[in-house]
Structure formats: C-alpha cells, structure tokens
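New to this one? Here's a quick tour, so have a look at the model first and then read on.

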Amino acid sequence: MIVLGSKPGQHDACFALIRDGEPLFVYEVERFNRVKRATSTDLSVLFEGLAEYSISPANVDLVTNCMHPGELEKRKSLISEYITPDKVDDIHRFLDWHLPSWYLLLRKAGFPTRRIVNIRHHLCHVSGVYYSSPSDEAAILSVDGGGEAETSMLAHGRNGRISILRTTPHPHSLGHLYQGVTIWLGWGYGEEGKTMALAAYGDPQRYRRQLDSFIQIDEQGQFCYLPALQRGPFRFASTEIGRIILPQLVGPGRRDGEEISQTHKDVAATVQAICEEIMLKQARFLKRETKAKTLLLAGGVGLNSLTNGILAAESGFDQVVAYPQASDAGTALGGALYAYHNIGAPDRPRRWHMTHAYWGQNIDLENLDTAGKSYQVSGRQSEDVAADAAETLATGQVIGWVQGRSEIGPRALGNRSILANPLVPGIKDKVNGVKRREWWRPFAPSVLREDVNTYFEFDGDLPYMTAVARIREEWREPLSSIGHVDGTARVQTVTEETNPLFYRLIQEFKSRTGLGLVLNTSLNGRGEPLVQTCEQALRLYVNSDLDAIVIGDHLFADKTNALVGQTLVPYVWNIRKLPRTRLLVVPGELPVSMRELLLHIVQDNPRARVDVSGDSALAESLSADGREWIVSVPTLEPGDLASAYDAVAFYVPFPGDKCVFEEDVYFSPRAVLSRRIMEEAGIPVYWIDSRGDVNFMRDSLYVHHDEVPPLAIASSYQRFWVPKV
Ligand SMILES: [Fe+2]
C-alpha cells in the first residue's frame, strides 16, 4: 500500500511517500527551490520523487492533506468571537478557497479525488512523532502557531491508536506569541531560534508583568490571551502580536539593523520562560493523565531545544523525544502514517520506526565532476574519507561534509554539515565567519553515543539535536565553542547503526585528539536551506571560508584557482525552470531589488527578451549593451505573441502559495491574460514570484478553468510530470 502525505502551500511545503508503512522519501520543497521554508506547491518536487521510485499517481492508494475542512468550520465560528466582523469575511474566503484549490491541483496531476483524505493538522503532527516512535505507549504533545481551529494537542498513544485528551483553541497560541516576539525583535518567520539563543542573555522577570497582562496560564498548562485584548480588526497572528500588541506592552520593536539592547534580551528571556512554563505544565498534566514513560513532542514549538531539555529533566517522563521535523513540513509524513495505520491498513501491526532522519534526496554524485569543473576545483578520491576528514579537522580546519541522503528538518545531522574541532582556540569565530551569522548564537556538538555522559549531564539518545543537555562543569571551558552561555549544548548523539560513516569520522577524530565529539552546524549559506546538490556544495565551498569539503569519497582542499563570486541566489536557481527557448519576460511591478533577475534570465537564455513597454525607467536602468534583449510589446495579444515567442514569464508580486491559493491572484488581470495566452497562443506561461520561485501556470490556472483541456506540457517540466514507469 502506497500513501502520499502532502503539506501543500503556505510555509514548509513538503511531500512524503510511504510504502507499507515505511517512508520512501520526505522531500521538503525548500531544498529544491532554494527558498527557505518554501511556500510553493511545486508539484515538480513530488514528481521528481515519484520518478525516482517509478511510481505514478495511479499507483498511489491514498493521498493525505494536513488540514480538515470540518475543523475549518470550527475555526470560522471561533474567529467571529475575537475578530471584528469586517475581517471575518476575508478569512472565510481564504479558508473556502484553499482546500478546493489543492484537490483540483492533485486531480490535475492524476490523483483521483476519492483517494484524498483530510486529516486534522495537529493529528498529523502527533501521528508523525507517534507512528515513527518505537514506543507503543506514549504521551504526545504538539504545540505550534495553529492548525485549523486549535494551536496545541495533548494526546495519548497506545496499541497503535491515538486518543486526544485536550486541545487549545484559536487564537490562543504559544507558537504565535513566540513568533510575535521574534518579529518584534526584527527577525522574520522561522527565525525563532535566534530569539531562543538571545534569551540566555536576558532577565526573564523584567517584562513578565507586562506579558502576564496578555497571556494567562493555569496549573494544567492551559493558556489564553486575556479577554480585554481579544477583539480587534486582526487575527492575533504573529505579525499582529509583534507589531501591534507587544509595542503596547513593552515598547517599540527593534528596527532592522538596530543594535541588540538589554530590553531585547529581556523580552526574549521572558517569552522563553513563558514557553518553558506552559510546556512543562502541559507535560506534567500528560504524565498525570497517561502515566506513560515516554513523552513525544511535535509542532513548531517542539523545536525549542531549551524547553525540550527542561522537559527531559523535570517533567517526570523517563524519556522525552522531539520529532526531527517538528515544523509543519512534518505533517506530510505524519499524515501519511496516520492514514496508513488508521485507514489503509488499520489491522496490520506496526513494523517500522524511525531510527534516523535521512529521508531527503540523495546527493547527486553523478554531477560532482561537472560541478567541480564549473567552479574550477578538483577533489582527490580518498580511500578513507572518515580518516582524511578527521585528520583535516584535527589540524583545526573547518570542513563541509556531504554524504548520502539529506536530513529532514532544520538540523544538519552529519550528512549536510559543516564540521570543526571544538578545542581549537577561536574556532567559534572562524565558523561564524564561514556561516556569516551572529556571534551570540551557539553551535552544537555531535558526540559518540557512548561518550555523551563524559561531557554532558545526560546519558541517553538524542539523535535529532532537538534538546539541550548541560555540559559538565569541567568541560564548560574547553567546550565553550559548542556550548551556550547558560552552560547547555544542543546535543546530537551518533551511533554506528544510524550513521556509520559519520560515527567513524568522530571515532577517527577521537583517536587523533582524544575528544569524542565534533562541532556540527548546517551546511548552507546565510538565509539558505541545507545544501541539496554537489553544485550547491561546491559553490558554497569556493565562496566561503570553508577550508575543505568532503563530498562522497572526494576531498576538495585546494581552491587556489577556484571560480568565486557566484553566490546562491534563489531566483538564479529557479530561473532554470524557465525554458531556454524564445522567452518573453514581462517584468510588471518588479521591485528594484529584483531587477538583477532580468540580467540573470538573459544570461541564462540568450533567446530571452524583456518587455519594457510603458516603463521607460526600467529600460533606462537596464544596461546599454543589453539593447537587443530589451523589447517593447505594446499589446500582449496572444495571436501576435505566438509567432515571436515560445513562452512567456510574468513577474507577480506575491509568494508562490498566493499564486495557487488566493482568489485575488487567480482572477487578477494578469491571471486572465496568462490563461488567454495559454489557450489562444498555445504557449506556456510562467509566473516568477516575489521570493524568486518560478511557477508553471498550467498547474494553477487550469484548476480553476476546468472546462479547458490541458495544454501540452512544457519540455522543461516533462521529466517531472510524466513519471518513468
Ligand atoms: Fe503546525
């Protein structure tokens, strides 16, 4: 039985495919389109995975969607209590639009609608961590920004079944509060880790009274925003908490580039303390109710490693395990596992549990040679990469380490990692230089499982780097590069069973230095997702201060003649989805910051032309020597276009999910024109979105124009669209 789990649209888009209860792949869209926590519902990612396993949509028995329409109806009745009526309609429209769009998209891709099942969002989170756990009985806690009508779920798993004990209703959301503080601190969505790191430098009491006037917590860990603040013209989403509510409570938020003050640190510490209090009380409630020995954590807040460390130490459970892909991307695999165990094969006993997080795409070693040539670096084949890498590390060098399938979730766990020797003086600054990130954020250690108790006040498995442990007093100073200012470290324990090569690397390192752990941080450029391919890995190597990089069995340690300067820009990556034929690019409202995009498109495709009709400023701002690719097309009449162009690309000032899921985008004049061009001129249309992703519009536009037969598939897309069977 084959089940596809989907987390479509919005942030953390992801596809997971399982066969007979075991994952085949879990592909996060961000790794493919290079836009962190990607919003795009790009089916090419799904079809790439299906092609790798020679599976066509017709072979898939069930498709899960991580949202339930019945629960959305509850959300609608809930929101009317805290949102002013004029905003209620907007939200209804969005909710009504979202699911049908996704079904139609799946149907167009060849998945029969009758096989699509909807699963409650938090049940997907809970199922992901429960059905991948070896424990048959466990208490389960899922906390995030919000699912359909709830923002947390407390559940009990036993004998392969999940019973829900309690939930927290919208809008009361710990995830949104934490995100709100992160936004108030001047950071963006998905940067909660910065807030958590900053918290260690602040006083958790200084702003507690102010925060207590907004959020109330009871002894069971149930919490709510206080009624006095509950009715407004907004949804109490994180942006509104960060930009409207917190400035009223604690003062103006941090502006972009502003120095971090003690107030910023104190507010971070306060929200971290609130998070810990709520989670600990909820965990203790679960312990009393279930008497289980194991606590499983999921949902975005489940990535808060400081809180998880406290739960491990103080909640009363023998074991606390946080899911590696706790964020919403994890609802793809979670939904698939739920459907398999509850709908597809409810009587079959559970045979699989997760022992590692390497479910992403394999490194494309077949392209290593070409990538090396394009960056003018050559590696040498090593007879023992683990030993060679350990030797390089021991001498104080910082290396990239790329092996096999990539990790799911945000943490590098030894397949897409930057590694360093923690004992080398100044190593933290050096790795910070490579990563170009803030000095106050800690790095993490990967330690041999049998050595964890030597360095940390902890003795157990922490395979996913999702919880902190206290560093032993005598190791605080020597291991300061992998510890935080509060004396903790976010530990990954490594065993021979789960990652034999990485395990041996640390063993080899230990035999040279006496230390059974290495500094491990994610292999990615600033603001990028984890590296996915050889080309990206080598690009990062030549453009950063990495001393060496190991990819498969090749060690690259000399970049004297390397071609530098091509840093990764997502739109440059994504424009390769555009066909290299006679392409007309219509920039529309392209912001100045993205004008470089046009230059990249014409560099990539000499047959591309950029339409500057009606925008003389744009024409002026493009370089003089590019005149032949600057054209003026006074009317975009489909009949005229067809003779001169093979494809058209529009810039749209929205992220990819809005292209797929929002009525305003679909029925904008641009959508109408796009559809006409496809129908009347018979040429494909692409939308380049505001985050640099490229969306093939056949996918989106035709789901709402069902009566029109689909056009021929663009050749650049075909290898994804038609699976190899
Ligand atoms: Fe979630």
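Before we get to the sheet, one bit of vocabulary: two strands count as paired if DSSP finds at least two bridges between them. Keep in mind that what you're looking at is a predicted model. The two things to look for are an open sheet of 5 strands and an iron ion held by His 121, His 125, Asp 144 and Asp 328.

**The sheet**
- The 5 strands line up in the order 3-2-1-4-5, with mixed pairing.
- Strand 3 (22-28) and strand 5 (116-118) sit at the edges with a single partner strand each, so one side of each has no neighbour in the sheet.
- From one strand to the next, the twist averages 20°.
- Strand 1 (residues 2-7) runs parallel to strand 4 (residues 62-65), and the two pair over 4 bridges.
- If you want to spot a bridge, try Leu 4, whose partner in strand 4 is Val 63.
- Helix 2 (residues 43-52) lies across strand 1, strand 2 (14-19) and strand 3, at about 150° to strand 3.

**The iron site**
- The iron ion is coordinated through NE2 of His 121 and His 125 and through OD of Asp 144 and Asp 328, at 1.9 to 2.2 Å.
- Angles among the 4 donor atoms go from 91 to 158°, and the site is irregular.
- Along the chain, the donors follow the spacing H-x3-H-x18-D-x183-D.
- His 125 in helix 5 (residues 121-131) and Asp 328, in the loop between strand 12 (319-322) and helix 12 (330-344), link distant parts of the chain, 203 residues apart.
- Are His 125 and Asp 328 buried or exposed? Both are buried.

Technical notes
Residues are numbered from 1 along each chain as its sequence is written. This is a predicted model: local features need pLDDT of at least 70, side-chain atom pairs count only at pLDDT 80 or more; totals for chains, interfaces and linings use all residues. Side-chain values use heavy atoms; hydrogens and water are left out. Donors are N, O and S atoms within 2.8 Å of the metal (3.2 Å for Na, K and Ca); water is not among the atoms, so sites may look incomplete. Four donors count as tetrahedral if all angles lie between 85 and 135 degrees; four count as square planar and six as octahedral if opposite donors are over 155 degrees apart and all others between 65 and 115; anything else is irregular. Buried means under 20% relative accessible area, exposed over 50%, partly exposed in between (1.4 Å probe, protein chains only). Axes are lines fitted to C-alpha atoms, for helices over the stretch in contact, and angles run from 0 to 180 degrees between N-to-C directions. Contact means heavy atoms within 4.5 Å.
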